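Student: Could you teach me to read contacts in a model? Please start with the ligand.

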Amino acid sequence: MKFFLDTANLEQIRAAHDMGLLDGVTTNPSLVARENMDFKTLVGEICRITSGPVSAEVLSTETAGMVEEALALSKIAENVVIKLPTIPDGLKACVQLRERGVAINMTLCFQPNQALCIAKAGATYCSPFLGRLDDIGHDGMDLIPIIRQIYDNYGFDTQILAASLRHPLHVVQAAMAGADVATMPYNVFEKMLNHPLTDIGLERFISDFKKAQK
Ligand code: G3P
């Protein structure tokens with residue numbers, strides 16, 4: 001499973017990259033707005049930290065505007081992936097941009113038929129938003145095995161990018177259900193590495209060894 005960081009924060013991206021576990025980054029307009037930096041400059045900086053795919057989202061809601069924004073964003077760096085909303089105009093833009101070799105991440109996917117259309121449009125990534133389904137009383141994770149089965153039935157190579165993950169159990173469940181990628185906030189990434197018994201065990205190993213040396 002690939003790990004993407006779901007943030008536009010350069011410090012967090014550098015920290016995960018330095019650990020050697022970062023495969024890519026996803027951003028969205030809300031995450032970019034927190035950083036107080038020019039959008040294209042920020043995307044360029046992220047692409048300088050990681051050579052993995054970096055998703056940058058368009059703001060237009062009609063096809064021609066999406067394509068124009070996408071082509072401009074694509075010029076920032078080779079690893080830029082264009083994020084498009086899963087609406088009819090977004091799917092149309094996806095088909096046009098794929099014909100021009102642009103990598104696409106279709107975002108705001110909430111149901112299996114959207115995921116099927118995303119794969120048929122040739123997107124590189126399909127991003128089901130699991131936490132936001134949990135927010136309205138559904139079990140968002142139910143989507144992953146359904147999309148997995150649909151994609152495997154027809155040999156679609158669109159990658160399932162589990163998004164809107166809110167806690168480490170989401171990552172485990174997405175991995176068990178066969179998501180190709182998990183994109184997570186930095187706090188979830190940090191929590192994945194922790195267990196109190198690891199800290200207690202390490203402390204005991206070191207103190208036992210030191211005692212025996214006296
Ligand atoms: O990758 C999707 C993510 O940015 C949305 O997460 O927590 O705002 O639903 P959240």
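Student: How far is an oxygen atom of the ligand from an N or O atom in the side chain of Ser164?

Tutor: A polar contact is a pair of N or O atoms within 3.5 Å. For Ser164, the distance to the ligand oxygen is 2.7 Å. A polar side-chain atom of Asn28 lies 2.8 Å from a ligand oxygen. For Arg132 the value is 2.6 Å.

Student: What share of the ligand does the protein bury?

Tutor: Accessible area comes from the Shrake-Rupley method with a 1.4 Å probe. Alone, the ligand exposes 310 Å². The protein buries 82% of that.

Student: Can I trust each value?

Tutor: This is a predicted model; local features need pLDDT of at least 70, side-chain atom pairs pLDDT 80 or more, while totals for chains, interfaces and linings use all residues. Side-chain values use heavy atoms, without hydrogens and water, and residues are numbered from 1 along each chain.

Student: Which residues surround the ligand?

Tutor: A residue is near a molecule if one of its heavy atoms lies within 4 Å of it. Here they are Asp6, Asn28, Phe129, Arg132, Ala163, Ser164, Arg166 and Thr183.

Student: How do these residues divide by type?

Tutor: Asp, Glu, Lys and Arg count as charged. The shell has two nonpolar, three polar and three charged residues.

Key. A polar contact is a pair of N or O atoms within 3.5 Å; within protein, one must be able to donate a hydrogen and the other to accept it, and residues adjacent in sequence count only if both atoms are side-chain atoms.
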